[in-house]
Amino acid sequence: MKLNDILSAGINKAEWEAKGYELPRFDIEAVAKKTHDEPTWVHFGAGNIFRAFPAAILNDALNTGKYDRGVIVAESFDYEIIDKAYRPYNNLSLLVSLQSNGTIEKKVIASVTESLKADRQFAEDWARLVEIFRAPSLQMVTFTITEKGYAIVPADLDRGLDAVFAMGKLTALLYERYKAGRLPLTLQSTDNCSHNGDKVKEGVRAYAERWVKDSLVEAEFLDYVNDGSKVSYPWSMIDKITPRPHEKVQAMLAEDGFEDNDTIITEKHTFTAPFVNAEEVQYLVCEDDYTNGRPPLELGGALYTTRETVDQVETMKVTTCLNPLHTAMSIYGCMLGYTLISAEMADEDLRAFIQKIGYIEAMPVVTDPGVLNPYEFIGTVINKRLPNPFMPDAPQRIATDTSQKLPIRFGETIKKYLARGLDRSNLVLIPLVLAGYARYLKGLDDACKPFEPSTDPLLEELQAIVAPLEVGKENQDYSCLRKLYSRKDVFGLDLYEAGFGEQIEGMVRELFAGQGAVRSTLHEYVSRR
């Protein structure tokens, strides 16, 4: 069983389906021809998240029979992905959905019709991209290039139209569209970063402004990219985890007789494969602002709404329903000796800890966005996402840069309690998370064995503040904590001014009481709550 068998007239579909493989229900060749002649969608970023999510929901849309165009993928950074993970398999891939009950679902994805290297050194591919960008049928360009992919590099601005970074290449292609008649287009980021459409807009504008200044392009080109009726930059919220190819998954596929299951590691350290394994849960919420129409991705589960609602969904996720729960688990998971988030979910204290943080303490300040129910979102996180045995996520990874995360993940909730005049006595476990941070900074687990706190730009500075404190020492001076919990840059506000400093200090005293104090303190507060 190989991916390229899918294109063979002699494929034994019954054998594939008997082994649980969902095959495309559309005419792959017809969709590829239609897309080549009248392209509607180009996606930058050929990584795993693209194949597991945007390409997969288009595949679902095509399966309905209500749409007839695929997606063309362009890679602007790691060209080996195209050579090794796309073209040998005629752009086909296998999506393996990792279920929380330990099983997998398998679906062949055939919605990608072309794979191109987005760089002028690959003349044929670049010429094809120019042709696509000049096509009136093109509606949308999307991106999964990570937040750093939107960087505006001064040296790249100096290169003019021969820019080599993603936003420079995009702007050069957009200039081709401008020359073809100022044709409308939507540039839609689907990267997991706040207000992501603005990052595309900032990048395009920076290059366009510089090129106008250097007389490389007409001043009207800048007017074109700034005209929202011609070029739009909608926001989106995307959420789906796509880990590296999993050894357990490879073994399960091999047992089926599926042969295209080798891990591919490029020179740029991209881990990929002909298959992509990803969690079963996914969300894509997009601002519905398209100047030339768009593919009907709602047929595959995408949600289209207003910019305000996209922002509400992201705020709900980042400050209540997911990210704060991750951080709480990372701080306490490290101190309790865990190395997997999924294993933490079998710990009754930790499970109840995050449930009560989300449902009881953070929920009162959530604005229900309407398109996603906050209670259902948390329920899915707790019952499906975090316990998933296929997810190799570790508290040590999530604890990276904790000082940069606390202001958003917890500080915003506390601020809203104060601004809205809510009962601050309702906040017990969120203060316990912040108290746990002081104990975490000591780098001693609950058995008083050293561990290495995760990297953080403020780690040494904050560790120096709690350095005078010792685990198990009686009658010690905790006054150093005022210097920590008054840090607005770390917590988003001065916790003493907010009226929580003394409460947190008391919790820190309990956490520092001695060996086993982290577990006993956690259990006490969770049980009491």
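This passage describes the overall build of a predicted protein model and then several of its residues.

The protein contains 24 helices and 15 strands. Along its principal axes, the C-alpha trace spans about 75 × 60 × 40 Å. The radius of gyration is 25 Å. A compact globule of 529 residues would have a value near 24 Å, so the two agree. Buried residues account for 59% of the 529 residues. Contacts often bridge long stretches of sequence. Of those between residues at least 6 apart, 76% join residues at least 24 apart.

The surface was examined next. The protein exposes about 20900 Å², and carbon and sulfur atoms supply 48% of that area. There are 59 positive and 78 negative side chains. The centres of the two charge sets lie 1 Å apart.

The interior holds a largest nonpolar core of 81 residues. Tyr332, Phe353 and Tyr485 have the most contacts inside this core. Helix H19, which covers residues 429-441, gives the most to the core, with 10 residues. Another core lies apart from this one and has 56 residues. Among them are Leu3, Leu92, Leu95 and Tyr290. Phe353 shows how the 81-residue core is joined up. Leaving aside neighbours within four places in sequence, Phe353 contacts Ala328, Tyr332, Leu429, Leu432, Val433, Leu522 and Val526. Of these partners, Leu429, Leu432 and Val433 fall within the residue range of helix H19.

Two helical positions differ in their exposure. Asn323 lies in helix H13, which runs over residues 323-335. Asn323 counts as buried because its relative accessibility is 12%, below the 20% cut-off. Leaving aside neighbours within four places in sequence, Asn323 is in contact with Lys317, Val318 and Arg409. Lys384 is placed in helix H16, residues 374-385. At 38% relative accessibility, Lys384 counts as partly exposed. Beyond neighbours within four places, Lys384 contacts Ser100, Glu280, Val281 and Gly379. Lys384 and Asp477 are 93 residues apart in sequence, and their C-alpha atoms are 44 Å apart in space.

Several loop positions were also examined. Arg182 is found in the loop between helix H8 (166-179) and strand S8 (185-189). Arg182 is partly exposed, with 39% relative accessibility. Outside the neighbours within four places in sequence, Arg182 is in contact with Arg177, Glu220, Tyr224 and Lys230. Arg182 and Pro243 are separated by 61 residues in sequence and by 40 Å in space, C-alpha to C-alpha.

Backbone geometry sets two further loop residues apart. Most residues other than glycine have a negative phi. Ser215 has a positive phi of about 60 degrees, although it is not a glycine. Ser215 lies in the loop between helix H9 (196-213) and helix H10 (219-226). With a relative accessible area of 64%, Ser215 is exposed. His269 also has a positive phi, near 65 degrees, and is a residue other than glycine. His269 lies in the loop between strand S11 (264-265) and strand S12 (271-272). His269 counts as exposed because its relative accessibility is 62%, over the 50% cut-off.

Methods:
Residues numbered from 1 in each chain as written. Predicted model: local features only at pLDDT ≥ 70, side-chain atom pairs only at ≥ 80, totals over all residues. Heavy atoms only, no water. Helix = DSSP H or I, 4+ residues; strand = E, 2+ residues; numbered from the N terminus. Buried < 20%, exposed > 50% of the residue type's maximum accessible area, 1.4 Å probe, protein only. Contact = heavy atoms within 4.5 Å. Rg over C-alpha atoms; globule rule 2.2 N^0.38 Å. Areas by Shrake-Rupley, 256 points an atom, 1.4 Å probe, with all protein chains shown as cover. Lys, Arg positive; Asp, Glu negative; His and termini not counted. Charge placed at Lys NZ, Arg CZ, Asp CG, Glu CD. Core = buried A, V, L, I, M, F, W, Y, C linked by side-chain atoms within 4.5 Å.
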